[in-house]
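User: I have a new model on my screen and would like to go through it with you, one question at a time. Please show me the reasoning along with each answer.

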Amino acid sequence: MSQATTARAPSTKDAGAVALRAAVKIMENWSATQKEIESTLRISRSTYSRAKEQGRVVSLDSDQLARVSLILNMHAALRTIFDNPENVYGFPKMPNDNEFFEGKAPLDIMATGSFINLYETFRRIDVSRGAQW
């Protein structure tokens, strides 16, 4: 008798870990420091370390998942707005004259740790792409 192998469906923890790894990588490409990443995503130093390792289990709460989602969507919006990687990855560190940013870089605003600041940063970037998507 042959034994059938069944592919395991990814768990929520697996999906969260993959999304977190992607968000961390994006933020590192934005030249964010470890502290800025931890603050923006509201994760601990140990969660940050686990996220850097393939195959490690990472548990995220709904707030953390929402923050990861905003980073992933912000990156998608930047890729739609800009054609060159220098702007896609450099924009979050560039001073911005939009009244919300008051001359600060978007990453500085996101790294305050406030969910509202992260969301508003995403919203302002997302609106810049207009109907391009």
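**From one aspartate to the whole chain**

User: Is Asp 61 buried, exposed or partly exposed?

Analyst: Happy to start there, bearing in mind that this is a predicted model. Asp 61 belongs to the loop between helix 3 and helix 4. To be buried, a residue must be under 20% relative accessible area, and to be exposed, over 50%. Asp 61 has 33% relative accessibility, so it counts as partly exposed.

User: How far apart in space are Asp 61 and Gly 16, C-alpha to C-alpha?

Analyst: Along the sequence, 45 residues separate Asp 61 from Gly 16. In space, their C-alpha atoms are separated by 9.4 Å.

User: With which residue does Asp 61 meet in a salt bridge at 2.4 Å, N to O?

Analyst: Side chains of opposite charge can pair when their charged atoms come close. Here the nitrogen-to-oxygen distance is 2.4 Å, between the side chains of Asp 61 and Arg 42. Asp 61 is in the loop between helix 3 and helix 4 and its partner in the loop between helix 2 and helix 3, so the bridge ties together parts 19 residues apart in sequence. The partner asked for is Arg 42.

User: Which residues do salt bridges with shared partners join into one network?

Analyst: Two of the members have come up already: Arg 42 is partly exposed, at 36% relative accessible area, and Asp 61 is partly exposed too, at 33%. Through shared salt-bridge partners, the network consists of Arg 42, Asp 61, Asp 63 and Arg 67.

User: What phi does Arg 42 take?

Analyst: Arg 42 comes just after helix 2, in the loop that leads from helix 2 to helix 3. Although Arg 42 is not a glycine, its phi is positive, at about 55°.

User: What phi does Glu 102 have, and where is Glu 102 found?

Analyst: Glu 102 is not a glycine, yet its phi is positive, at about 50°. With a relative accessible area of 62%, Glu 102 is above the 50% cut-off and therefore exposed. As for its place, Glu 102 is in the loop between helix 5 (85-90) and helix 6 (106-110).

User: How are helix 2 and helix 4 oriented to each other?

Analyst: Two packed helices are described by the angle between their axes and the distance between the axes. For helix 2 and helix 4 (residues 62-81), the axes come within 8 Å and cross at roughly 120°. An angle of 65 to 115 degrees would be roughly perpendicular and one over 145 roughly antiparallel. The two helices are therefore oblique.

User: Which residues of helix 4 meet helix 2, and what classes make up the contact?

Analyst: From helix 2 come Ser 39, Thr 40 and Leu 41, and they meet Gln 64, Arg 67, Val 68 and Ile 71 of helix 4. Sorted by class, the contact has three nonpolar, three polar and one charged residues.

User: Which residues of helix 2 are buried?

Analyst: An α-helix has 3.6 residues a turn, so residues three or four places apart point the same way. Helix 2 covers residues 34-41, and its buried members are Glu 36, Ile 37, Glu 38, Thr 40 and Leu 41.

User: Which residue forms a salt bridge with Glu 36?

Analyst: Glu 36 has a relative accessible area of 14%, so it is buried. Its partner is partly exposed, at 35%. The closest N and O atoms of the pair are 3.8 Å apart. This pair links distant parts of the chain, 57 residues apart, with Glu 36 in helix 2 and, in the loop between helix 5 and helix 6, Lys 93.

User: What is the closest N to O distance between Lys 52 and Glu 28?

Analyst: At 45% relative accessible area Lys 52 is partly exposed, and so is Glu 28, at 25%. The closest N and O atoms of this salt bridge are separated by 2.7 Å.

User: How many salt bridges are there, and what share of the protein's residues is buried?

Analyst: The secondary structure comes to seven helices and zero strands. The salt-bridge count is seven. Of the 133 residues in the protein, the buried share is 38%.

Key
Residues numbered from 1 in each chain as written. Predicted model: local features only at pLDDT ≥ 70, side-chain atom pairs only at ≥ 80, totals over all residues. Heavy atoms only, no water. Buried < 20%, exposed > 50% of the residue type's maximum accessible area, 1.4 Å probe, protein only. Helix = DSSP H or I, 4+ residues; strand = E, 2+ residues; numbered from the N terminus. Axes fitted to C-alpha atoms, helices over the stretch in contact; angles between N-to-C directions. Parallel < 35°, antiparallel > 145°, perpendicular 65-115°, else oblique. Contact = heavy atoms within 4.5 Å. Nonpolar A, V, L, I, M, F, W, Y, C, P; charged D, E, K, R; others polar. Salt bridge = Lys/Arg side-chain N within 4 Å of Asp/Glu carboxyl O.
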